[in-house]
Amino acid sequence: MTARMTIGRYWVTEMHVDGFRFDLASILTRGSSLWDAVNVYGNQLEDDLLTIGSPLSSPPLIDMISNDPILRGVKLIAEAWDCGGLYQVGVFPHWGIWSEWNGMYRDIVRQFIKGTDGFAGAFAECLCGSPNLYQEGGRKPWNSINFICAHDGFTLADLVTYNDKHNLANGEDNKDGESHNNSWNCGQEGEFVGISVKRLRKRQMRNFFLCLMVSQGVPMIHMGDEYGHTKGGNNNTYCHDNHLNYFQWDKKEESSSDFFRFSRLITNFRHECESLGLNDFPTAERLQWHGHVPETPDWSETSRFVAFTMKDSVKGELYIAFNTSHLPVTITLPERPGYRWEPLVDTSKPAPFDFLSHDVPERELAIKQYAHFLDANLYPMLSYSSIILLLTPDISA
């Protein structure tokens with residue numbers, strides 16, 4: 001332990017590393033064959049009857065790191081599970097400073113965005129930074145590392161392209177890698193599909209990325225997802241030193257007018273908004289939930305619609321909604337006398353109208369196309385789409 005701690009301090013003080021992510025960190029919380037509370041703490045702990053491998057409430061190594069004067073001052077991130085089946089998301093021993101890869105966020109968001117029933121309420125928790133996991137233990141939204149994809153598993157593009165893993169190139173008869181991916185190929189398996197399926201896939205990618213950027217907590221982006229990197233459905237590419245794992249700059253440039261543009265703009269939008277990176281969980285004073293009509297959220301098992309307004313000191317107020325049904329819907333927007341809602345993001349639209357930045361040609365014309373809806377405080381949402389509207393002064397009022 002002492003050697004590991006010394007190496008960690010060296011990386012921080014000499015190499016200026018600003019944090020560590022511990023792979024399969026839950027194994028560090030298990031008692032070893034040498035576990036003896038008297039040797040570690042100087043006295044026997046109450047009810048300390050542990051067998052080898054049992055989870056410890058105060059694991060020595062995590063305790064030492066958490067209270068080290070150098071290491072406790074950097075980012076400490078746990079992958080809060082291990083190969084033995086110990087799953088500690090939300091309950092990892094944290095001393096108030098450890099963050100966690102929020103695997104529940106990944107699984108819930110994947111299910112809700114692809115239109116699975118029964119996840120509306122859980123999805124709302126994810127948008128709030130998972131207070132159901134972290135608030136009771138005294139932690140904050142930033143203790144949740146939110147992610148859709150990571151180095152293990154499908155890339156974002158493959159998540160919407162494949163129902164099944166395609167790992168034959170790994171030489172293990174497709175038996176390796178995770179089989180339960182919560183993915184959806186949008187109607188056809190693989191890369192070579194019809195135009196309508198390709199359009200839906202791009203829409204779903206935008207939905208996932210938008211969700212990540214409007215959720216409280218710390219967003220984590222898998223390298224290459226910002227341009228739509230594909231590994232051909234291989235979800236376990238540890239053994240490949242080739243294009244599957246290389247960042248493909250040419251693909252990024254090809255996508256610069258499409259998904260990369262969207263991911264860049266929505267990331268910048270998050271940075272601009274004071275309300276999308278709060279230090280504490282949002283309360284009713286700031287956040288209000290809605291359904292197809294204002295102030296009437298639907299948390300039923302069959303709900304595939306979640307919407308909320310968020311007060312923001314920079315933008316004024318945001319309206320954000322997700323329609324993950326296969327059916328379109330026309331929603332009624334909250335009344336704000338003297339103001340009107342103006343569209344900013346609509347993932348159902350092709351680029352560049354998916355994000356109406358000020359440099360979009362014919363931007364005003366695109367907004368006017370919604371005028372008859374917005375004049376009536378309505379907005380049409382297509383199936384599998386999400387939107388962001390901004391509250392602006394109504395100059396015609």
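D23 is partly exposed, with 43% of relative accessible area. In this predicted model, D23 forms a salt bridge with R21, the N to O distance being 2.8 Å. The chain is assigned two domains, domain 1 (1-270) and domain 2 (282-393). The points below cover the salt bridges around R21, the contact between the domains, one helix and one annotated region.

**Salt bridges around R21**

- R21 is partly exposed, because its relative accessibility is 30%, between the 20% under which a residue is buried and the 50% over which a residue is exposed.
- R21 also pairs with E79 in a salt bridge whose closest N and O atoms are 3.2 Å apart.
- Strand β1 (residues 19-22) holds R21, while E79 sits in the loop between β2 (75-78) and β3 (98-101), so this salt bridge ties together parts that are 58 residues apart in sequence.
- E79 is buried, at a relative accessible area of 3%.
- Side chains of opposite charge can pair when their charged atoms come close.
- The count of salt bridges comes to 21.

**How the two domains meet**

- The C-alpha centres of domain 1 and domain 2 are 29 Å apart.
- Domain 1 puts 29 residues into the contact, and domain 2 puts in 36 residues.
- About 2,600 Å² is buried between domain 1 and domain 2, and 68% of this area is on carbon and sulfur atoms.
- On the side of domain 1, the residues that lose the most area to domain 2 are R203, R261 and F269, which together account for 22% of what that side buries.
- Between domain 1 and domain 2 there are 14 residue pairs in polar contact, counting pairs with both residues at pLDDT 80 or more.
- The helices α4, α5 (120-127), α8 (195-214) and α10 (259-272) each give at least two residues to the side of domain 1 that touches domain 2.
- Helix α8 supplies eight residues of that side, the largest share.

**Salt bridges between the domains and at K315**

- Three salt bridges are counted between domain 1 and domain 2.
- A salt bridge joins R206 to D354, with 3.7 Å between the closest N and O atoms.
- R206 and D354 also belong to a network of salt bridges that links them with K202, D258 and R261.
- K315 and E272 form a salt bridge in which the closest N and O atoms are 3.0 Å apart.
- E272 is in helix α10 and K315 is in the loop between β7 (305-312) and β8 (316-323), so the pair ties together parts that are 43 residues apart in sequence.
- Both partners are partly exposed: K315 has a relative accessible area of 25%, and E272 has a relative accessibility of 43%.

**Helix α4**

- Helix α4 spans residues 103-113 and is mostly covered, with eight of its eleven residues buried.
- The buried residues of α4 are G103, Y105, I108, V109, R110, Q111, F112 and I113.
- G115, just after α4, has a positive phi of about 95 degrees.

**The annotated region**

- An unreviewed UniProt entry annotates residues 288-389 as "domain: Isoamylase 1-3-like C-terminal".
- Over residues 288-389, helix makes up 11% of the chain and strand 39%.
- The end C-alpha atoms of residues 288-389 are 15 Å apart.

Terms used: Residues numbered from 1 in each chain as written. Predicted model: local features only at pLDDT ≥ 70, side-chain atom pairs only at ≥ 80, totals over all residues. Heavy atoms only, no water. UniProt positions renumbered as here; feature names shortened; annotations may be inferred. Helix = DSSP H or I, 4+ residues; strand = E, 2+ residues; numbered from the N terminus. Buried < 20%, exposed > 50% of the residue type's maximum accessible area, 1.4 Å probe, protein only. Domains from an automatic or database assignment. Contact = heavy atoms within 4.5 Å. Buried area = accessible area lost by both parts, 1.4 Å probe. Salt bridge = Lys/Arg side-chain N within 4 Å of Asp/Glu carboxyl O. Polar contact = N/O pair within 3.5 Å; in protein donor to acceptor, adjacent residues only side chain to side chain.
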